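User: Please take a close look at one strand of this model and explain, step by step and for a first-year student, how it is placed among its neighbours.

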Amino acid sequence: MTLTVITPPDALPVPVSEMKDYLRIGHDGEDDRVSRLTSAATERIEAQLGQALVLRTLKRRFSAWPVGISGRGASLLPGPVSSLERVEIESDDADPDDVTGRFRLTCGRMALRPWSMAPPVPENGAATVQFQAGYGLPEAVPDDLKLAVKLLIAESYSARNGCPEGSSLPDSVASILDTHRRVRL
């Protein structure tokens with residue numbers, strides 16, 4: 001299972017100007033650094049949540065259909081998934097076969113339409129799903145997730161060298177992210 005970014009987000013969830021205000025930076029000399037920290041903090045939070053904050057188009061490739069596709073549906077990650085754009089079956093010897101019409105998006109899950117069957121995935125072939133994920137434009141990202149990005153950036157900015165990779169999240173950020181984690185029953 002591989003994930004490819006087809007169209008990256010147009011903007012960061014927190015604009016550099018807003019982040020500079022939050023950090024009380026009154027000059028343009030730190031713009032590049034703040035932008036890099038914002039990108040890094042956004043990626044870290046998205047990875048922790050399995051969610052995309054700002055809308056992007058993604059393509060996921062499966063060697064077999066995910067579990068639940070014929071039942072209540074399968075989650076496409078990262079979420080939240082807002083639209084299912086294209087579903088194809090790829091094989092070594094033919095052009096991809098568009099099977100989008102057999103699927104629907106219900107509550108962010110990809111499922112078969114009633115009375116449809118999942119087409120077989122050929123050996124050495126794949127099923128590819130192109131979809132849009134994210135909350136939408138930066139303005140649509142929940143305020144508490146924007147705050148989590150800001151808190152993580154502030155922590156990295158004050159450390160001057162950034163937070164070392166693999167370090168734990170600050171408690172304030174972790175508690176915000178906990179409210180957005182999906183509960184599996």
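Analyst:
**Strand S8 and its surroundings**

Within strand S8, Val 129 is the residue that serves as bridge partner to Arg 60. This is a predicted model, and everything below describes that model. The pair of Arg 60 and Val 129 is a good place to begin, since the strands around it can be added one at a time.

Strand S8 itself covers residues 126–133, and 7 of its 8 residues are buried, so that the strand is mostly covered. On one side, S8 pairs with strand S2, made of residues 56–62, and the two run antiparallel with 7 bridges between them. Strand S4, residues 81–91, is also a partner of S8, again in the antiparallel sense, and here the number of bridges is 8. Within that second pairing, Gln 130 of S8 has Arg 86 standing opposite.

With both partners in place, the wider sheet can be followed: it is an open sheet of 5 strands, antiparallel in its pairing, and the order is S1-S2-S8-S4-S5. The edges are taken by strand S1 (2–7) and strand S5 (94–98), and because each of these has a single partner strand, one side of each is left without a neighbour in the sheet. From one strand to the next, the twist averages 25°.

One residue of S4 helps to link this sheet with what lies around it. Val 81, which lies in strand S4, is buried, with a relative accessible area of 11%. Leaving aside residues up to four places away in sequence, Val 81 touches Phe 131, Gln 132 and Ala 133, and also Leu 76, Leu 105 and Gly 108. Of these, Phe 131, Gln 132 and Ala 133 fall within the residue range of S8. Val 81 can also be compared in position with Met 110: the two are 29 residues apart in sequence, while their C-alpha atoms are 9.1 Å apart in space.

Met 110 belongs to strand S7, residues 109–112, where Met 110 and Leu 112 point one way, Arg 109 and Ala 111 point the other way, and all are buried. This fits a general pattern, in which the side chains of a regular strand alternate between the two faces of the sheet.

S7 has pairings of its own. Strand S6, residues 103–106, joins S7 in the antiparallel sense over 4 bridges, and one of the matched pairs is Arg 104 with Ala 111 of S7. The hairpin formed by S6 and S7 has 2 residues between the strands, and in this hairpin Cys 107 takes a positive phi near 55°. Strand S3, residues 74–75, is likewise antiparallel to S7, with 2 bridges joining them, and Ser 75 stands opposite Arg 109.

Finally, a helix pair can be set beside these strands. Helix H1 (residues 16–23) packs with helix H3 (residues 143–159) at an angle of about 60°, their axes being 11 Å apart, and the two are therefore oblique to each other. The crossing of H1 past H3 is right-handed. From H1, the residues that meet H3 are Glu 18, Met 19, Tyr 22 and Leu 23, and those they meet include Leu 147, Lys 150 and Tyr 157. Sorted by class, this contact has 8 nonpolar and 2 charged residues, with no polar ones.

How values were computed: Residues numbered from 1 in each chain as written. Predicted model: local features only at pLDDT ≥ 70, side-chain atom pairs only at ≥ 80, totals over all residues. Heavy atoms only, no water. Axes fitted to C-alpha atoms, helices over the stretch in contact; angles between N-to-C directions. Parallel < 35°, antiparallel > 145°, perpendicular 65-115°, else oblique. Left-handed = near helix turned anticlockwise from the far one by under 90°. Contact = heavy atoms within 4.5 Å. Nonpolar A, V, L, I, M, F, W, Y, C, P; charged D, E, K, R; others polar. Buried < 20%, exposed > 50% of the residue type's maximum accessible area, 1.4 Å probe, protein only. Pairing = 2+ DSSP bridges.
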